Amino acid sequence: VAKIREAAKKTPEKPVAIMLDTKGPEIRTGFFRDDVGKSIELKQGQDLKLVTDYSFKGDSTCIALTYEKLPVSVKPGNIILMADGSLSLKVKECGQDWVMTEVMNNCKLGERKNCNL
């Protein structure tokens, strides 16, 4: 910021704006059942339920997320990105403590992966 302000002084007739990206809540996928292993295979077109009970041990049909406000933060039609964008999910329905999504692309998903709304 100091370097930007210093450079802006050289051309005072031109305004310079600074925008900061503030970090939102860190949302991560949960853990899987022991018999599933450390990753799951998701296929395009399948349903994937997201639950807010982080103690839930997931599989390829249902996984937990760390964000308790998920069901009120998304609505049908929204896209949720996971694992640095390698997985896209389309929201179909929202319940009290769950969100039903459709998998938009084939993906192998691991535990504790990031999630962006």
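Here are some notes on the sheet, the salt bridges and the cysteines in this predicted model.

1. **Overall sheet.** Start with the strand order, which runs E3-E2-E6-E5-E4-E8. That is an open sheet of six strands with mixed pairing. At the edges sit strand E3 (62–64) and strand E8 (115–116), each of which pairs on one side only.

2. **The E5/E6 hairpin.** Strand E5 covers residues 87–94 and strand E6 covers residues 98–103. The two are antiparallel and share five bridges, and they make a hairpin with three residues between them. If you want to check the register, Glu-93 has Met-100 in E6 as its bridge partner, while Lys-90 stands opposite Glu-102 in E6.

3. **The E4/E5 hairpin.** On its other pairing, E5 meets strand E4 (residues 79–82), again antiparallel, through four bridges. This is a hairpin too, with four residues between the strands. Have a look at Ala-83 in the turn, where phi is positive at about 55°. For the register here, Ile-79 has Lys-90 in E5 as its bridge partner. So Lys-90 is a handy residue to click on: Ile-79 is its partner on the E4 side, and Glu-102 faces Lys-90 from E6.4. **The Arg-33 network.** Five salt bridges turn up across the whole structure. Which residues are joined into one network by salt bridges that share partners? They are Arg-33, Asp-35 and Asp-59. Arg-33 meets Asp-35 with an N to O distance of 2.9 Å, and for Arg-33 with Asp-59 the closest N and O atoms are 2.5 Å apart. Asp-59 lies in the loop between strand E2 (47–51) and E3, and Arg-33 in the loop between helix H1 (2–8) and strand E1 (39–42), so this pair ties together parts that are 26 residues apart in sequence.

5. **Accessibility in that network.** The three residues are worth checking one by one. Arg-33 is partly exposed, at 32% relative accessibility. Asp-35 comes out as exposed, at 61%, whereas Asp-59 is buried, with a relative accessible area of 17%.

6. **Lys-38 with Glu-111.** Another of the salt bridges puts the side chain of Lys-38 against that of Glu-111, at 3.6 Å from N to O. Lys-38 belongs to the loop between H1 and E1, and Glu-111 to the loop between strand E7 (107–110) and E8, so the contact links parts that are 73 residues apart in sequence. Is each partner buried or exposed? Lys-38 is exposed, with a relative accessible area of 64%, while Glu-111 counts as buried at 14%.

7. **Cysteines.** There are zero disulfides in the structure. Why does Cys-62 have no bond to Cys-115? Their sulfurs are 14 Å apart, which is too far for a bond, and Cys-115 holds the closest cysteine sulfur to that of Cys-62. Cys-115 is in no disulfide either, and its nearest cysteine sulfur, that of Cys-107, is 12 Å away. As for accessibility, Cys-62 is buried at 11%, and Cys-115 counts as buried at 4%.

How values were computed
Residues numbered from 1 in each chain as written. Predicted model: local features only at pLDDT ≥ 70, side-chain atom pairs only at ≥ 80, totals over all residues. Heavy atoms only, no water. Disulfide = S-S within 2.5 Å. Buried < 20%, exposed > 50% of the residue type's maximum accessible area, 1.4 Å probe, protein only. Pairing = 2+ DSSP bridges. Salt bridge = Lys/Arg side-chain N within 4 Å of Asp/Glu carboxyl O.
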